[in-house]
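Work through the exercises below with the sequence and the coordinates side by side. Each task is followed by a solution that proceeds in steps.

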Amino acid sequence: MIVRTLDEITDTERDVKTENWRSKRIVLGGDGVGFSVHETVLQAGTVNDFWYANHIEAVFITEGEGELYDKDNDTTYALAPGSIYVLNGNERHQLRPRTQMRTVCVFNPPVTGREVHDENGVYPLITAEEEKEAS
């Protein structure tokens, strides 16, 4: 059983911060459960380009409002608390929070916590075995 709190993740290597967003990685690939879970808070007024070419991501909005722009299909969706979107086609997308937006994200395959977005917003695929070898 795994039990964690956001407080114990804050300001550790599981707490990743950028100018536009902060992601607390609650469950990671090394936990061996087949998915990862993150709480991500996006700053109001930012524009965030992402493309998870190697992962399926589900995002549940718990706080705030904004827009999701599907760059592959030229479609914009309104987001508010209670909204969920699933990038089951590895869509290139852009998040535009109007207010601070708090989300809970699930990735499959799980991320390890070592991934960094490249110039296209893509996370590389790092397996749990590669993570163990790097430790």
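The exercises that follow concern a predicted model, and they go from the whole chain to its sheet and then to single residues.

**Exercise 1. The chain as a whole**

Determine how many helices and strands the chain has and in which order they run from the N terminus.

Solution. Begin by counting the elements, which gives two helices and ten strands. Next, follow them from the N terminus on, where the order reads α-β-β-β-β-β-β-β-β-β-β-α. Then turn to burial and contacts: buried residues make up 39% of the 135 residues, and of the contacts between residues at least 6 apart in sequence, 59% join residues at least 24 apart. Finally, the accessible surface of the chain comes to about 7,300 Å², with 50% of it belonging to carbon and sulfur atoms.

**Exercise 2. Assembling the open sheet**

Establish which strands pair with S2, S3 and S10, and derive the strand order of the open sheet.

Solution. As background, strands of a sheet pair through backbone hydrogen bonds, either parallel or antiparallel.

1. Strand S1 (residues 15–17) is joined to S2 by three bridges, and the two run antiparallel; they form a hairpin with three residues between them. Within this pair, lysine 17 has arginine 22 of S2 as its bridge partner.
2. S2 is also joined to strand S3 (residues 36–42), here by six bridges and again in antiparallel fashion, and the partner of tryptophan 21 in S3 is leucine 42.
3. S3 in turn runs antiparallel to S10, with seven bridges between them, and threonine 40 stands opposite threonine 103 of S10.
4. Strand S5 (residues 56–63) is joined to S10 by seven bridges, likewise antiparallel, with glutamate 57 opposite phenylalanine 107.
5. Put together, the open sheet has six strands in the order S1-S2-S3-S10-S5-S8, with antiparallel pairing. S1 and strand S8 (84–86) stand at the edges with a single partner strand each, so that one side of each is left without a neighbour in the sheet. From one strand to the next, the twist averages 20°.

**Exercise 3. Burial along two strands**

Decide which side chains of S10 are buried, and explain why S2 counts as largely enclosed.

Solution. For strand S10 (residues 101–108), sort the side chains by the face to which they point: Met101, Thr103, Cys105 and Phe107 share one face and are buried, whereas Arg102, Val104, Val106 and Asn108 point to the other and are not. For strand S2 (residues 21–27), count the buried residues instead: five of the seven are buried, and S2 is therefore largely enclosed by the rest of the structure.

**Exercise 4. The surroundings of leucine 6**

Is leucine 6 buried, partly exposed or exposed, and which residues beyond its sequence neighbours does it contact?

Solution. First place the residue: leucine 6 is found in helix H1 (residues 6–9). Its relative accessibility is 30%, and because burial requires a value under 20% and exposure one over 50%, leucine 6 counts as partly exposed. When neighbours within four places in sequence are left aside, leucine 6 is in contact with Lys24, Ile26 and Glu39. As a last step, consider arginine 25, which lies 19 residues from leucine 6 along the chain, while the C-alpha atoms of the two are separated by 8.9 Å.

Technical notes
Residues numbered from 1 in each chain as written. Predicted model: local features only at pLDDT ≥ 70, side-chain atom pairs only at ≥ 80, totals over all residues. Heavy atoms only, no water. Helix = DSSP H or I, 4+ residues; strand = E, 2+ residues; numbered from the N terminus. Buried < 20%, exposed > 50% of the residue type's maximum accessible area, 1.4 Å probe, protein only. Contact = heavy atoms within 4.5 Å. Areas by Shrake-Rupley, 256 points an atom, 1.4 Å probe, with all protein chains shown as cover. Pairing = 2+ DSSP bridges. Axes fitted to C-alpha atoms, helices over the stretch in contact; angles between N-to-C directions.
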